[in-house]
Amino acid sequence: MVALGLLLVRLVVGLLFIGHGAQKLFGWFGGYGPKGTGGWMDSIGIKPGVFMAVLAGLLELLGGVLFALGLFTPLAALFITLTMLGAIVKVHGKNGLWVTANGYEYNAVLIAVAIGIALIGAGAYSLDAVLNI
């Protein structure tokens with residue numbers, strides 16, 4: 001049952017990160033693509049905006065794919081953690097903890113999940129287990 005629980009958590013978190021990456025990279029799922037996201041990033045001091053939007057999108061997309069598959073899980077967790085730390089530092093941190101005030105509560109949960117899975121392993125239903133990584 002533990003392996004199934006790990007699979008469920010990895011799939012939900014990984015697929016959501018894939019979606020966020022696709023928003024930034026391709027404008028899918030209501031996203032604004034590199035130009036729109038980059039303009040917003042420029043406006044909050046993350047420069048150069050388009051480059052940083054593409055970098056964030058790639059980290060989210062690749063991190064999400066690897067996390068969902070349970071492949072190179074510590075690397076996937078690093079990618080997820082880096083993007084969430086960036087979101088905390090540049091957007092949510094100044095608003096305090098609670099998400100109701102646009103705070104970093106959700107980002108902190110995602111960091112904890114990513115690091116927790118990396119520390120305990122992706123589980124039996126993962127490519128890490130199949131490849132014996």
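Does lysine 47 count as buried or exposed, and what is its relative accessibility? At 57% relative accessibility, lysine 47 counts as exposed. The legends below concern a predicted model.

**Figure 1. The salt bridge between aspartate 42 and lysine 47, with the cis peptide bond that follows.** Aspartate 42 and lysine 47 form a salt bridge in which the closest N and O atoms are 3.9 Å apart. The acidic partner, aspartate 42, is partly exposed, with a relative accessible area of 29%, whereas lysine 47 counts as exposed. Lysine 47 is also joined to proline 48 by a cis peptide bond, for which omega is about -10°. Proline 48 belongs to the loop between helix H2 (33-43) and H3.

**Figure 2. The salt bridge between glutamate 60 and lysine 24.** The closest N and O atoms of glutamate 60 and lysine 24 are 2.9 Å apart. Because glutamate 60 lies in helix H3 and lysine 24 in helix H1, the pair ties together parts that are 36 residues apart in sequence. Glutamate 60 is buried, its relative accessible area being 6%. Lysine 24 is likewise buried, at a relative accessible area of 15%. In general, side chains of opposite charge can pair when their charged atoms come close. The salt bridges in the model number 2.

**Figure 3. The surroundings of lysine 24 in helix H1 (residues 2-26).** With neighbours within four places in sequence left aside, lysine 24 is in contact with Gly33, Pro34, Thr37, Ala53, Ala56, Gly57 and Glu60. The last of these residues, Glu60, is the salt-bridge partner of lysine 24. The relative accessible area of 15% is under the 20% limit, so lysine 24 is classed as buried.

**Figure 4. The packing of helix H3 (residues 49-69) against helix H4 (residues 73-92).** The axes of H3 and H4 come within 8 Å and cross at roughly 145°. The crossing of H3 past H4 is left-handed. On the H3 side the contact comprises Ala56, Leu59, Glu60, Leu62, Gly63, Leu66 and Phe67. These residues meet Thr73, Leu75, Ala76, Ala77, Phe79, Ile80 and Thr83 in H4. By class, the residues of the contact divide into 10 nonpolar, 3 polar and 1 charged. Glu60 takes part in this contact and also in the salt bridge with lysine 24.

**Figure 5. Leucine 61 in helix H3.** Leucine 61 counts as partly exposed, at 22% relative accessibility. Residues up to four places away in sequence not being counted, leucine 61 touches Phe17, Ile18, Gly21, Ala22, Leu25 and Phe26. The C-alpha atoms of leucine 61 and isoleucine 80 are separated by 9.3 Å, the two residues being 19 residues apart along the chain. Isoleucine 80 is among the H4 residues that meet H3.

**Figure 6. Isoleucine 46 in the loop between H2 and H3.** Isoleucine 46 counts as buried, at 14% relative accessibility. Its contacts, leaving aside neighbours within four places in sequence, are with Met41, Met52 and Lys90. A separation of 9.7 Å lies between the C-alpha atoms of isoleucine 46 and glycine 86, which are 40 residues apart along the chain.

**Figure 7. Two loop residues with positive phi, phenylalanine 29 and asparagine 102.** Phenylalanine 29 has a phi of about 55°, a positive value although the residue is not a glycine. This residue, phenylalanine 29, is placed in the loop between H1 and H2 and counts as exposed, at 62% relative accessibility. Asparagine 102, also other than glycine, has a positive phi near 65°. The loop between H4 and helix H5 (105-120) contains asparagine 102, which counts as partly exposed at 39% relative accessibility.

**Figure 8. Stretches annotated as "transmembrane region" in UniProt.** The annotation comes from an unreviewed UniProt entry and covers residues 45-62, 69-89 and 109-131. Over residues 45-62 the chain is 78% helix and 0% strand, with the end C-alpha atoms 24 Å apart. Over residues 109-131 the corresponding values are 70% helix and 0% strand, and the end C-alpha atoms are 28 Å apart.

Note on methods. Residues are numbered from 1 along each chain as its sequence is written. This is a predicted model: local features need pLDDT of at least 70, side-chain atom pairs count only at pLDDT 80 or more; totals for chains, interfaces and linings use all residues. Side-chain values use heavy atoms; hydrogens and water are left out. Axes are lines fitted to C-alpha atoms, for helices over the stretch in contact, and angles run from 0 to 180 degrees between N-to-C directions. Helices (H or I, at least four residues) and strands (E, at least two) are DSSP runs, numbered from the N terminus. A crossing is left-handed if the near helix is turned anticlockwise from the far one by less than a right angle, and right-handed if clockwise. Contact means heavy atoms within 4.5 Å. Ala, Val, Leu, Ile, Met, Phe, Trp, Tyr, Cys and Pro count as nonpolar, Asp, Glu, Lys and Arg as charged, and the others, Gly among them, as polar. Buried means under 20% relative accessible area, exposed over 50%, partly exposed in between (1.4 Å probe, protein chains only). UniProt positions are given in the numbering used here, feature names are shortened, and annotations may be inferred rather than shown by experiment. A salt bridge is a side-chain nitrogen of Lys or Arg within 4 Å of a carboxyl oxygen of Asp or Glu.
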